[in-house]
Amino acid sequence: MLIFGTAALSRRVLAAARCPSAGCGASRLTATYVQGQSPEPRIREYFYYIDHQGQLFLDDTKLKNFVTCFKDTKFLVFFFSRLRPNHSGRYQEDFPFLSPCGRERNFVRCDDRPVVFTHLLQSPAGSPRVTGAQELLSYCGGAEKLSAPFRPEALYMHPLSGRVYHPCSEREGGVGLVRSALAIELSPFFVYAEEHGQSEQPTHFLWGGQKHTLTNELAGCFPATEETAEPE
């Protein structure tokens, strides 16, 4: 027999928003740089930061909030569509992602994951990305132009942080964080084994009139120490 509840899980997700990252974001910046620096002729380098809400900032912005983040959709689509792991040989430890643009190197670090899913959308008619009527998870301010097909069975709740994750493209790291506000909206649909209640991970997800067995396929994307360590 299975049970599920809303209030307790919502509190868990809210707590996750305040928890340290369970992902691959840089925790402490040790690199030194100057925005727009030119390490070689005709090359410019810029440095960016993505927070756990999916907002993009210049990394050295002191006050990071909705007012100071980048909001132009065309720019965000351009920036994130070029995002990839940083194999440039520069700043790889502190800025693990790179969004190249011609002779510009845009280095990126993040609070958790570079892809943060913010909205659940219906796929637009005739979209080449999906077949048939399918919902999309949109990320980082790009609406349907930055999105992935929603796979309810692939949602993964991290056992320590309580944060919720969903697959994204391998180029973008393979794992995207679900923004806390969206995770709270989805929380009533997680189902738990009765004998464990909400002290353990959910086992199913109710969506579209179906009970989807959670695959936990993303568990292997997190270090084993994170999965086995005791919470503080």
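**Figure 1. The largest nonpolar core of the predicted model.** This core holds 39 residues. Phe80, Phe117, Leu155, Phe190 and Phe205 touch the most other members. Helix 2, spanning residues 73-81, gives the most to this core, with four residues. Another core lies apart from it and has seven residues. Tyr33, Phe95, Leu98 and Phe107 are among those seven. In soluble globular proteins, nonpolar side chains tend to be buried together.

**Figure 2. Close-up of Phe80 and its contacts.** Leaving aside residues up to four places away in sequence, Phe80 touches Ile50, Leu56, Pro114, Tyr139, Cys140 and Leu146. Phe80 also touches Arg171 and Glu172. Phe80 is one of the core members that touch the most others.

**Figure 3. The second largest pocket.** About 250 Å³ of space lies in this pocket. Its lining has 14 residues. Gly54, Gln55, Phe66, Cys140 and Gly141 are the closest to the pocket centre. By type, the lining residues of this pocket divide into six nonpolar, six polar and two charged. Cys140 appears here as a lining residue and in Figure 2 as a contact of Phe80.

**Figure 4. The Arg90–Glu45 salt bridge.** The closest N and O atoms of Arg90 and Glu45 are 2.6 Å apart. Arg90 lies in the loop between strand 4 (84-85) and strand 5 (97-98), and Glu45 in strand 2 (residues 44-50), so the pair ties together parts that are 45 residues apart in sequence. Arg90 is partly exposed, at 28% relative accessible area. Glu45 is buried, at 0%.

**Figure 5. The Arg163–Asp112 salt bridge.** The N to O distance in this pair is 2.7 Å. Arg163 sits in the loop between strand 10 (156-157) and strand 11 (164-167). Asp112 sits in the loop between strand 6 (104-110) and strand 7 (116-122). The pair links distant parts of the chain, 51 residues apart. Both Arg163 and Asp112 are buried.

**Figure 6. The Arg151–Glu153 salt bridge and a salt-bridge network.** Arg151 and Glu153 pair with their closest N and O atoms 3.1 Å apart. Arg151 is partly exposed, with a relative accessible area of 29%. Glu153 is also partly exposed, at 23%. Elsewhere, Glu40, Glu45, Arg90 and Arg105 are joined into one network by salt bridges that share partners. The whole structure contains 10 salt bridges. Side chains of opposite charge can pair when their charged atoms come close.

Terms used
Residues are numbered from 1 along each chain as its sequence is written. This is a predicted model: local features need pLDDT of at least 70, side-chain atom pairs count only at pLDDT 80 or more; totals for chains, interfaces and linings use all residues. Side-chain values use heavy atoms; hydrogens and water are left out. A nonpolar core is a set of buried Ala, Val, Leu, Ile, Met, Phe, Trp, Tyr and Cys residues joined through side-chain atoms within 4.5 Å. Buried means under 20% relative accessible area, exposed over 50%, partly exposed in between (1.4 Å probe, protein chains only). Helices (H or I, at least four residues) and strands (E, at least two) are DSSP runs, numbered from the N terminus. Contact means heavy atoms within 4.5 Å. On a 1 Å grid over the protein atoms alone, a cavity is a set of points where a 1.4 Å probe fits but cannot get out, and a pocket is an open set with protein on both sides within 12 Å along at least five of seven lines; lining residues have an atom within 4 Å of a point. Grid points are joined across faces, edges and corners, and a volume is the space filled by probe spheres set on the points. Ala, Val, Leu, Ile, Met, Phe, Trp, Tyr, Cys and Pro count as nonpolar, Asp, Glu, Lys and Arg as charged, and the others, Gly among them, as polar. A salt bridge is a side-chain nitrogen of Lys or Arg within 4 Å of a carboxyl oxygen of Asp or Glu.
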